[in-house]
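Trainee: I would like a close look at a single strand and its pairing. Please take me through it, and then through other parts of the model in the same way.

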Amino acid sequence: MTNLLSEAHQLTKGTNVSLSTLGAELGGLTVFLDSRGHDGAEIDADVSVLLLDAGGKVRTSSDFVFYNQPIALSGAVHLRDKVRPAPDSAEAAEGWSSDVVTLELDDVPEEIERIVISASLDPSAGVTFGDAADIRMRAQRTSDATDLLVFDITDASSELALLFGEFYRRNGEWKVRAVGQGYADGLGALVSAHGVEVASDDAEPADEPGNSVNVATPDLPTDAQDDPSVETTPEVEPMLADDAAPRGAEAAPSKRGVSVRRPTRAPKLPVDWNATIPAVDGNDWQPARLFPVAGIGSGEEQERRATSALLAVMSMVREFGTALTSKCGAPRGSLATFIEVPFGQDEEAYRPDGVIRITRGQKTWTALVEVKTSTGKLDATQIDRYVEIARTKGFDAVITISNELAGGDADHPVAIDRRKLRKVALHHLSWDQIRAEAILTARHRGVADPTQGKVLEEFIRYMNHARSGMGGLGDMGPSWVKVRDAVKAKTARASDKATGEVSARFDELVQHLGHHLSGLLGVEVQALAPRETPDHASRRQQLADSGLLFGRLKVPGAIDVIVIGADLRSDKATASITVPAPKGETRAQTRITWLLRQIADDAKDSLRIEAHLAGPRSTSTAALLGKARNDPTILIPDDQREIKSFTISMDVPLGAKRAAGTGTLIASVKTVSTTFYADVVQHLRPWVDKRA
């Protein structure tokens, strides 16, 4: 990894550089905080960003970006998911991991003068930044992933929080300074030093945007701002009394502080997550809709309406348009959309379904769009032609949209010669993904303009109608029945094309579940491959040998990943999660009771609880929830060995039909995963030793 940074500008502690000197395009920056421990151990740090005004303090708690509040300034500052290298890479063996922040500096308001980048460690983990083998900050130009600068921190010791660097305005341009200051008392001390009032650990958290803060920090002296020899960290004023006003401001009413505790509870499902759609009451007065489904006839008409509706809403609702195009590598800017634009290529006329153009200053980013609805499949020859048109015209990308998802080890539903994608990017958005993004934007992240918010809600309503053609994953594919029967007869072969198709379709189903839960929970749920079979060849072999299909879902804030499975031989759909047993608690029954109390009272007695025991042999005890609640000692092993962890699992009958309705594999897997989340996952919290 170090070799890849040889061309980047090297910063040392206290030095600064102008972004224009590095050739950075304003706004499009990706900041990485890289770290690794000794002997392949990982340093599990959490990134936070502070947006400071001319007085050196945050304006409100909305200017504090961290794990409980990952987005600020309508997405101009966005804390992304942690990035880890491929499991079989040298970087993975060395323990590297990277936290990621994207910055769109053009969209940062003038009153924000400094953007402080920092990271912190969980005090309960018993690790400090001095335990790291390497720590650094690096910045990339987002448009082409070119490393612009790198700052290695070599003097960390007992710190639980580190201020890596800051981006700041000076004479009309953005500069970056390497700071490298540590805080032994952790994140609370760091953010308090920059204007955030931190709630006490026993206080009810108050991290809602808009809360006032009661701490001020002095501005840096002018001569210290650009002099590398001057210490760049400001002195900190003491906490103001409740009745005192920050310097230069009127007194504000006392507010509860912001909680900097790590999220310890998974997000809750809405109370009506399992509600059925009410039957039609016979009233034939149908409300007028902005996007009507009346009159949809042919598949061509369905695709034309879907394309026009989507592109119109993207251009009208900026937050939604930006959310989708950013997934395709587009910069933030003024977005315009067009439908059925004609292009000539090789003396032939072509009309892609749409064109997206984003203007940012003197530069433009352009993508051709191809749309399919219902069961329509993307055509590799057609997509190949659009890639060639984009290359010839100097466009940046081709975006495909359909109900297909990329399964197996593929990153796109159709295979295109990678050599043709050196100058043109190829991206795919599924209707499932678009629906989830629309719901996240409209109902969780928020739309600034209320009228635009209503437009987005109407679009969601249109997408959810059966006649829109945007229903998402519809069935298990044409090979489902053949493979299902072969698995039951034990004649399935991993080398059969049909086996690979069904295995890949299950990967798509796990993605579908992730998008479904994202919309319900208001967080981005990530679909992951099984830990035991990370490559598709291993998964198709497992399907052929044992009839098992697996995937994982990572929910931010959940105690662990959720494992989703389907057993074609026993006809069961399963969901499970593994929970570490309480540390420091020696009594086995106390550990068991701690777990049982967290499971919902109305959870089914048929839930299975497995207690994993310490020792060289992989042994466990198990019982159904109903019996364990009546007698927790049933899970205590006869030899009194220590219980290290618990696995909770639920199963339901597996539907055999191919499609997505009642009695199908898709419906049963969706039911078990969502019900399991409602009854178990959303209630689980890590053990907290109150005696510590």
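Mentor: Strand β26, residues 620-624, has two faces. Thr621 and Ala623 lie on the covered face, while Ser620, Ala622 and Leu624 make up the uncovered one. Keep in mind that this is a predicted model. The partner to look at is strand β25, residues 608-613, which pairs with β26 in the antiparallel sense over 5 bridges. To find one of these pairs, start at histidine 612: its bridge partner in β26 is serine 620. Serine 620 also belongs to the uncovered face of β26. Between β25 and β26 there are 6 residues, and the two strands form a hairpin. Glycine 615 sits in the turn and has a positive phi of about 125 degrees.

Antiparallel pairing also appears in an open sheet of 6 strands. Their order is β2-β13-β12-β9-β4-β5. The edges are held by β2 (16-18) and β5 (64-65); each has a single partner strand, so one side of each has no neighbour in the sheet. Inside that order, β9 stands beside β4. Strand β4 covers residues 45-52 and strand β9 covers residues 114-121; they run antiparallel and are joined by 8 bridges. Valine 47 is placed opposite alanine 119 of β9.

Next comes a single residue within a strand. Glycine 551 is part of strand β22, residues 548-554. With a relative accessible area of 2%, glycine 551 counts as buried, because the cut-off for that word is under 20%. Setting aside neighbours within four places in sequence, its contacts are Phe506, Val510, Leu528, Pro530, Ile562, Val563 and Ile564. One of them, isoleucine 562, is 11 residues away in sequence, and the C-alpha to C-alpha distance from glycine 551 is 8.5 Å.

Last, a pair of helices. Two packed helices are described by the angle between their axes and the distance between the axes. For helix α7 (residues 431-445) and helix α10 (residues 497-521), the axes come within 8 Å and cross at roughly 10 degrees. Angles under 35 degrees count as roughly parallel, so α7 is roughly parallel to α10. On the α7 side the contact is made by Asp432, Gln433, Ala436, Ile439, Leu440 and His444. On the α10 side, these meet His512, His515, Ser518, Gly519, Leu520 and Leu521. By type, the residues of this contact divide into 5 nonpolar, 6 polar and 1 charged.

Notes. Residues are numbered from 1 along each chain as its sequence is written. This is a predicted model: local features need pLDDT of at least 70, side-chain atom pairs count only at pLDDT 80 or more; totals for chains, interfaces and linings use all residues. Side-chain values use heavy atoms; hydrogens and water are left out. Axes are lines fitted to C-alpha atoms, for helices over the stretch in contact, and angles run from 0 to 180 degrees between N-to-C directions. Helices (H or I, at least four residues) and strands (E, at least two) are DSSP runs, numbered from the N terminus. Angles under 35 degrees count as roughly parallel, over 145 as roughly antiparallel, 65 to 115 as roughly perpendicular and the rest as oblique. Contact means heavy atoms within 4.5 Å. Ala, Val, Leu, Ile, Met, Phe, Trp, Tyr, Cys and Pro count as nonpolar, Asp, Glu, Lys and Arg as charged, and the others, Gly among them, as polar. Buried means under 20% relative accessible area, exposed over 50%, partly exposed in between (1.4 Å probe, protein chains only). Two strands pair if DSSP finds at least two bridges between them.
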